[in-house]
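Student: I'd like to learn how to read a model like this one. Can we go through it feature by feature?

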Amino acid sequence: MERTSVFSARALYAKARAVCLSLLFQVLLLTAVHAQTSTIKITGSVKDAKGNALHGSSVTVKGTAIGTTTDENGLFSIAVPSQQSILVFTLVSYASKEELVGTRKVINTVLTEGGNNLDDVVVIGYGTQRKRDVTGSISSVSAKQIEERHPANLTDALQGLATGVLVTTDAEPGSDGSIRIRGYSTFSSAGNSPLYVIDGILSDNMNGINPNDVQSIEILKDAASAAIYGSRSANGVIIITTKRGVEGRPGINLQYLHTFGELAHKLPQANSVDTRLYRNEQGSSGTSNDSLNPSFNADNDYQALLTRTAQKDQVDFGLSGAVKNMNYYTSIRLLNDQGLILNSYAKTLQLRTNLEFSPTTRFRYTSRFQFGYKVGNAIDEGNTIFQAFQRPPNYLVYYPDGSLTGYISGRRNPVTVALYQVNKDQVYTGTLFNQVDYQLLPSLKFITNIGINYTETRGVNFLPKILSSNSPTTNSGSEVYSRSINWQYQAYFNYNKTFGKNSTVTGLAGFSAEHTQNNNASVAGVNYVSEQAISLNSATIVPSGTTTGASANSLASFFGRGTYSYKGKYIAAATIRRDGSSRFGSDNRWGNFLSGSVAWRFTEEKFMQSLRNIFTDGKIRLSIGQTGNERIGDYDAQSRYDFGTYFYNTVSGIAEGTSFGNPHLKWESTTQSDVGTDLYFFNNRLTVVVDYYIKTTSNLLYSRPLPRETGFNDIRVNVGTVQNNGFELALTGRPLQTKDFDWSITTNLSIERGVVKKLNDGQPFIAGNTSDAGNASWLIREGGKLGDFYGWKQLRVYPYDQSNAYDDNWNPLTPVFDATGAFTGYTEGGKPYGGAVHSLYGKGQKLKGGDVEFANITKDSVIDDQDRMVLGNAQPDFYFSVMNTLHYKQFTLSFTFNSQWGNKIYNNAAQTLDNYNTSNIIPQPYVIHNAWRNQGDITGVPSVKAKTSTGNFRTNDHFLEDGSFIRLAYMQLNYTLKPAWVKRVFAQGINIYLYGSNLLMWTNYSWYDPEFTSSDPLQLGQDSGKYPRRRETGLGINVNF
Amino acid sequence: MLTAMKNICYCLAGLALLFAGTECKKFLDEKPQTEITANLFWQSEDDIKSGIAAMYSGVQTINSTNYLLWGDARSDNFYNNGTYGDISYFTNGLSSTINGSDWSPVYTTIDRVNDLLKHVPLIKASHPAIDPKAINHYMAEGYAVRAYCYFELVKVWGDAPVWTIPFDSVGINPFKARTPAATILDSLVIPDLQTALSLVDQAKAIVWETNVGSIYAMLIDVSMWKHDYNGAIAWFDKLNALKRYNLEPALTWKNLFIGPDKTVENIWSIYWDWTTDKGAAISGQLGAGNTNSQFMISDIIWNYFSNAANVKDIRGAQSIDLKVKTHDKTLKFYPVNLDAKANQVYPTNSQANVYYPMYRFADILLLRAEAANNTQDLPTALTYLNQVHTRAGLTAYVATALPDSTSMSNAILNERQLELFGESKRFFDLVRNGLVIKTLDPIIKARKPDALGFGQDARTILWPLNRTVLNSNPLLVQNQPYN
């Protein structure tokens, strides 16, 4: 072909049209053409050193796309092009092996365990690579590791499995948790989550994926690995590959697990005696202290009333197999999780079908379909489990006639809320994916695919009359619908050729485009005439709660990669990506993302050969690259007028919002350099992977405050720099390995340090609470770190009224009292003080005994917002996990410890209870018994009577707690029935297992659980009374037919 | 076969290149779907009406909670209701983080006005068919609201940055320092009101909007604030010459608050409809059905209205809920709605409608009395005072009872306190008459002996600038002695 001349756009277009017309016809011909090609059929088996059949081992013809996998008996059958073909046998954690076909028709081979896993295939962007050739920092997770945990979702499955990946789970049924790779690189919540690539489709989450469908997960952490995904890869990429059928007769897999969950950590709570003591302290107890009033004479244990044994059923069904040129995999999962709190639940249905059809050795067609449905009642934690602590325990839960109480003295009945408040969410997800692979040349493959993701959610909220605080009671509710449709198209060439004996070159060039359309609608109503069927038809519609929303964004990309490997000893790789996003100013839409990496397998050098017995393999990796972030509002670069919230006198007003559109917005770019080493010792019995990285985000996209006099609050800008650096260590060892007993242990340790290097004009700003109320605030400043809690430092509670006394330099004076207790004067440093005495004021009042003394930073007479300081940080100093697997004959015991260390949590749950702010909220028993009562009391708890009027409960370090913990997160004892027994029930394999999660926990944190997600990276680590975590035990069975 | 597949590949590669060349720009152009870009607005008279609605919506936001915080909370009309409110308002302990210290909603409204004043003339030029009288009236409404906004800024914070153009381009320098309060009044507020007067449609008298009456009322108010009593009297005469306003009869006094469009007295009130505007937040401060009020009625007001001798004052039972013994329910702004036990039923705060009165004729008459008193015209002062006093069902003052300007001033201010209770007037009355420290300090000290109060330092009469506002503009200097 005369390529040079054809590549003018017009000529190309004409040609393209002609070619496209004949396309379909020719595709249909493929099978027929194939029948004429001649091949050799090879059969055989793959076994381990002990003679056990190896199921799922991959068998490929070297240098081609032809391949199959062994069935559960370790058998395979494959058609090879010629006698010169070489078969490559690979299986995770076994050494790979090559066999020349020659004249043989049957090839039986043995793979040695623990062998060099450097031949494992690692999925990288738009292709695969042998682990040997990887130059970046990539963590791999296998199906086996995931299955051992029996996770309800993939986030649970990944916790602790990779260094540099901080996985945080929530305790509520159906919650998705969060994943953060190598620190916070930007200020927005969306911008800090990784990019997910599910079988080639790019996605913002992996919520709809059934963990049992996953064949492998690769986590691309450094820029050189992630940069091929350009604009959305700044926080790493998680590549998920789902299962495919393996050759042999159809395999049927059935799994069932039932677990029981108990409240892992019950908190101390005031009983009615404590409450009456508190009421007396308050002074004005009203009728609620009356021991004869039947309404106030209970002594409820609300935690017991509100919680139950959680029950979870997990049923999996899988069917898979393959025939000559086709493989199939289909699965169904049903999950019914009835949570700890009454009426909280999540039910999930997930379906998947993966099909691959290869009519010829050159051509493959792949189709994947996935559907998910989730329904749950997202319980209102604030009004249930948290209300359980607020509500005085002497209030009635049931009336004498057995009906539930609603509001009493301004406090909701948490049991009623749990049972009657509706917060029902339904989510439907569907994915359809089609791909065609064509081997143009032995070394060149063309791949094109199109995928569609569909998500629809429906939320129903309803607050019945029984929960109304109004007099007379009213009800209210709303319904929210949202829909998101995303399509993606990709086309790329993969090139792979070995020149001579030593040089291997790979290449990638491609194009992709995608578009997302989001729509939502919500309708709010009040005064439903019937509460039996929650229908807005029975309600009066509220216009201010009735809105629609819509937005769209588009991305177009070009990408390429080249790698070179010399003898697998010197390896180099480079990538380029050019992305255009609709979200940016029209002059700044396109961004280029480059990366380069090199690796040196120094154990291949001659001088290392003498150490080969100890040092099996060693590689040093160096990489640098740029990645990007484009996750901002779809239209942040445009000045916009909106409507719907500016009504006046029946006219709908049109005005600008609070953020000013910035037409100069462009990409945020993150440059990351990584140096790492992969070391294998003692024939792979010990593996050490170490990485160090520096990750710098510049042109930070964030909302910089505008002077309020402009009429706007802020403007999105590209100013600012955030830097993260970190150290990661992964150790995997097999300390013991005998015929019957085998022990392997993996430890992952990650240390992250982040710093905000530059802000617009160096201007710090406060996130969260900006007033002097008691909830958490954070200071974002140059030189600081995300998660810096900002507030007042509590020094002590003044023992005496006279303790509020200072000299001219604001050093405290010590009051002196004579034998009768009368105040006689002050001393300073033991000497009588005769100078001027100064006092501190809070909220316009002089502080007294029982008030909190806060650090007086400004050294003036008023404690106000200028006296705030950074009190601690919400990010852990380091986090680690230790995973053990022990095999003894038919038994396997595996257990995982997880830990985070050195982070602070602002316990706003305790703050809200203990601040005396609402007279009908009862504090924790510790507070009731230790509050300051009399002159001279030494205590850390301020006087009940002081309430909030002098600002004793400003955001302060009294509620800042150490969030460090070590948790025995997962444990499984598995028994594999002996094959002889299994055959009697016509099964291939049966496992029975005991399962436990969150079995043990060591922490000093005082509320339910120190692990919870924080959605906003500017507001990390505030616990406002989260859903309590369960200690879970269960029994499961897994049968293969 | 191979050729075919190659062709497919070239075809796709070609499409990709084509895409890169011509289609890509279009593909990456996404238009907002539930908003409009700036170039699509300000096209028609309907757009002007929507811009005007947004401007008044801004006035709603300004007043939603600040109405009471600025005009009443710090005065002797209210006291803190236990833990539900913030005692700082009542101890003169304001800080730069307290509610009410943020002037952002005022400037948001000013920006909307400036945007309106920029674009209406352009629409006028391109749409000659629109009635020029209507166009001018829109402009008048804009100028009047801008004058109102700057007058509020001056009353609450003193000096303030001046913006008379919209912030509509990133090229505009967003940083401005504060302009002295006196300059704002003389070279912005008064000229704006006079411009409004020159453009206003004299026939329009919708109570929910600024109109010729409210422009005169503001001119009277500003003149009084400047102690320009002769100016105030002159503007009063012009207002009176409209022959549009009078005192509402005693029988329908409640309509001033629940049906201002039906009275002859209301000059300007804020419209409210919770279904589109969400609940009027003043309800959480004064009285809502679902929560405790933040403010309770001060002893001065409670004792006067609950005294059996004052039952004849029609305002008492119609202003505060005398049945609620915790003194925390002010029912002035709600229609009478009694349950079976004849107790007032309050709306939930998310469903409260309150028609915030801005100016009404009783207010103007009492200002006129105050002006007369300050120009030593006691008989005129007495006349106007008695009009309001007797309408309340009380016996008229006789001249001998108020023989000098001090006693007259006390009587006028007392009348204003009772008549305009909770209408955002009392604190500014005290400021205007230089009585803040003298009146309030003893009350603060009586409630909290250790409280800071005002002392001899009049500087805390002004509010502090909010910390967020200060942080957003380094050119701003905090009001002393706040930090």
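Tutor: Sure, starting with secondary structure: helices (H or I, at least four residues) and strands (E, at least two) are DSSP runs, numbered from the N terminus. By that rule chain B has 18 helices and five strands. Keep in mind that this is a predicted model, where local features need pLDDT of at least 70 and side-chain atom pairs count only at pLDDT 80 or more, while totals for chains, interfaces and linings use all residues. Residues are numbered from 1 along each chain as its sequence is written, and chains are lettered from A and ligands numbered from 1 in the order in which they are written.

Student: What box do the C-alpha atoms of chain B fill?

Tutor: Taken along the principal axes, the box is roughly 115 × 50 × 50 Å.

Student: And how many of the 483 residues in chain B are buried?

Tutor: A residue is buried if 20 or more other C-beta atoms lie within 10 Å of its own, exposed if 12 or fewer, and partly exposed in between, with C-beta atoms placed from the backbone. In chain B, 53% of the 483 residues are buried. For contacts, two residues qualify if their C-beta atoms, placed from the backbone, lie within 7 Å. Of the contacts in chain B with a separation of 6 or more, 69% come from residues 24 or more positions apart.

Student: How do I check a single helix, say α5 of chain B?

Tutor: Compare its span with expectation, which is 1.5 Å times one less than its number of residues. Helix α5(B), residues 181–199, has 19 residues and should therefore span 27 Å; its end C-alpha atoms are 26 Å apart, which agrees. Its buried residues include B:Ile184, B:Leu188 and B:Asp192. Among the elements covering those buried residues are α4 (132–157) and α6 (212–225) of chain B.

Student: What about two helices together, such as α13 and α15 of chain B?

Tutor: Look at the axes, which are lines fitted to C-alpha atoms, for helices over the stretch in contact; angles run from 0 to 180 degrees between N-to-C directions. Angles under 35 degrees count as roughly parallel, over 145 as roughly antiparallel, 65 to 115 as roughly perpendicular and the rest as oblique. Here α13(B) (361–374) and α15(B) (405–419) pack at about 170°, with axes 10 Å apart, so the two are roughly antiparallel. The contact involves residues including B:Leu366 and B:Ala369 of α13(B), and B:Met408 and B:Ile412 of α15(B). As for class, Ala, Val, Leu, Ile, Met, Phe, Trp, Tyr, Cys and Pro count as nonpolar, Asp, Glu, Lys and Arg as charged, and the others, Gly among them, as polar. The residues of this contact divide into five nonpolar, three polar and four charged.

Student: Which strands of chain A form an open sheet?

Tutor: Strands pair if DSSP finds at least two bridges between them. One open sheet of four strands in chain A has the order β3-β2-β5-β6, with antiparallel pairing. At its edges, β3 (67–69) and β6 (97–100) each pair on one side only, and the twist averages 20° from one strand to the next. Four bridges join β5(A), residues 86–90, to β6(A), and A:Leu87 stands opposite A:Glu99.
Another open sheet has three strands, β45-β46-β47 of chain A, also with antiparallel pairing. There β45 (814–817) and β47 (831–833) each have a single partner strand, so one side of each is left without a neighbour in the sheet. In this one the twist averages 50° from one strand to the next.

Student: Where does a hairpin come in?

Tutor: In chain A, three residues link β39(A) to β40(A) as a hairpin. These strands, β39(A) and β40(A) (741–758), run antiparallel and share 15 bridges, with A:Phe727 opposite A:Ile751. Strand β39(A), residues 721–737, is also joined by twelve bridges to β36(A), residues 686–698.

Student: Is A:Gly230 buried or exposed?

Tutor: A:Gly230 counts as buried, because it has 31 C-beta neighbours inside 10 Å. It sits in the loop between α5 (223–226) and β16 (237–242) of chain A. Beyond its neighbours within four places in sequence, A:Gly230 contacts residues including A:Ser557, A:Phe559 and A:Arg577.

Student: How many residues does each chain bring to the contact between A and B?

Tutor: Chain A brings 85 residues and chain B brings 84. Strand β28(A), residues 540–566, gives the most to chain A's side, with twelve residues. That side has 36 nonpolar, 36 polar and 13 charged residues. Strands pair across the chains as well: β32(A) (640–648) and β1(B) (36–37) are antiparallel over two bridges, and A:Arg640 stands opposite B:Thr37.
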